[in-house]
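Biologist: Could you take me through one part of this model slowly? I'd like a close look at a single helix and what lies around it.

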Amino acid sequence: MRVLVGITGASGAAFAIDFLKRCPGERFLIVSEWGKAVLKDELGLSPADLAPWVTRTFADGDLAAPFSSGTIRHDAFVIVPCSASTMAKIAAGIADTLITRAAAVTLKERMRLVLALRETPLSTGMLENALRISRDGGIIAPIMPPLYHRPQTLDGAVAGFTAKLLALCGVETGPGWHEDRLQQENPAALTHGDPAARPDATGRERGAP
Ligand SMILES: Cc1cc2nc3c(=O)[nH]c(=O)nc-3n(C[C@H](O)[C@H](O)[C@H](O)COP(=O)(O)O)c2cc1C
């Protein structure tokens, strides 16, 4: 497995570190200039400190790096955290840094692009940028840690989101939600043959209060 990881200047450097630590296989890293600033600001780290979890780091200004070309294949390019600025450039097809060029290549070559967007609230323009990338085959995965596994620490919450990113990269991350119940005899399941009894998008059963 070969994964390209981009860190940009959005808040949430801890999500990048956790992803690098847990992702199997080759991990190639690119950190934008503002990504370096936020990494230092939030965690007191520089890109060199990430070396134990990285196969090789490329400079964001190095447009002659292998990932500038579609002849180099990767299983996924994950930008975590992804700033609204980088997302806007990708949506517009601007490719003047290695992160944005590798994203353009990933989309044109129909490889997997995952943007862990970190911004809130989102303007209409940002939402339109996200839609354009999604229509082009990219995956918009805003940094939203799940809480249903009841994390007791910030690290636990971060790990919950990392599991989401890994799953998007095709990495096995353990059983899914209530997976044990798939094989259980459950009388309530008998009602699920009736479409009128299925839950609607809110999780309530139709007709339920
Ligand atoms: C401490 C700090 C936190 C920031 N947090 C965010 C953020 O959460 N989301 C975002 O879109 N931009 C954020 N920014 C702004 C980006 O860093 C800025 O738009 C920058 O141009 C992004 O460049 P890059 O995408 O090439 O890294 C932050 C900036 C700083 C200095």
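Modeller: Sure, here is a walk around helix α4, starting with how far to trust the model and ending at the ligand. Bear in mind that this is a predicted model. The protein's average pLDDT is 90, and 88% of the residues score at least 70. One stretch to treat with care is residues 197-209, where pLDDT stays under 50; the model has ten contacts for that stretch beyond four places in sequence.

Now for α4 itself, which covers residues 98-108. Nine of its eleven residues are buried, so the helix is largely enclosed by the rest of the structure. If you want to click through the buried ones, they are Leu98, Ile99, Thr100, Arg101, Ala102, Ala103, Ala104, Val105 and Thr106. And what do the buried residues of α4 pack against? The list has one helix, α3, plus the strands β1 (2-7), β2 (26-31), β3, β4 (76-82) and β5. Once the helix is over, look at Arg110: just after α4, this residue takes a positive phi of about 60 degrees.

Those strands belong to an open sheet of six, ordered β3-β2-β1-β4-β5-β6 with parallel pairing. Its edges are β3 (56-59) and β6 (139-140), each of which pairs on one side only. Over at the β6 edge, β5 (residues 113-117) joins β6 in the parallel sense through two bridges, and Val114 has Ile139 in β6 as its bridge partner.

Next, the nonpolar packing. The largest nonpolar core counts 49 residues, and Val5, Val78, Val80 and Ala116 have the most contacts inside it. Take Val5 as an example: setting aside neighbours within four places in sequence, Val5 touches Val78 and Val80, along with Ala16, Phe19, Leu20, Arg27, Phe28 and Leu29.

Finally, the ligand, since you'll surely want to see that too. There are 16 residues around the ligand, and Thr8, Gly9, Ala10, Ser32 and Ala84 come nearest. Two elements give two or more residues to this shell, α2 (33-43) and α3 (84-92), with α2 giving the most at five residues. So much for who sits there; by class, the shell splits into eight polar, five nonpolar and three charged residues. The link back to where we began is α3, which contributes to the shell around the ligand and is also one of the elements that the buried residues of α4 pack against.

How values were computed: Residues numbered from 1 in each chain as written. Predicted model: local features only at pLDDT ≥ 70, side-chain atom pairs only at ≥ 80, totals over all residues. Near = placed C-beta within 6 Å. Helix = DSSP H or I, 4+ residues; strand = E, 2+ residues; numbered from the N terminus. Nonpolar A, V, L, I, M, F, W, Y, C, P; charged D, E, K, R; others polar. pLDDT = per-residue confidence, 0-100. Contact = placed C-beta atoms within 7 Å. Core = buried A, V, L, I, M, F, W, Y, C linked by C-beta atoms within 7 Å. Buried ≥ 20, exposed ≤ 12 C-beta atoms within 10 Å, placed from the backbone. Pairing = 2+ DSSP bridges.
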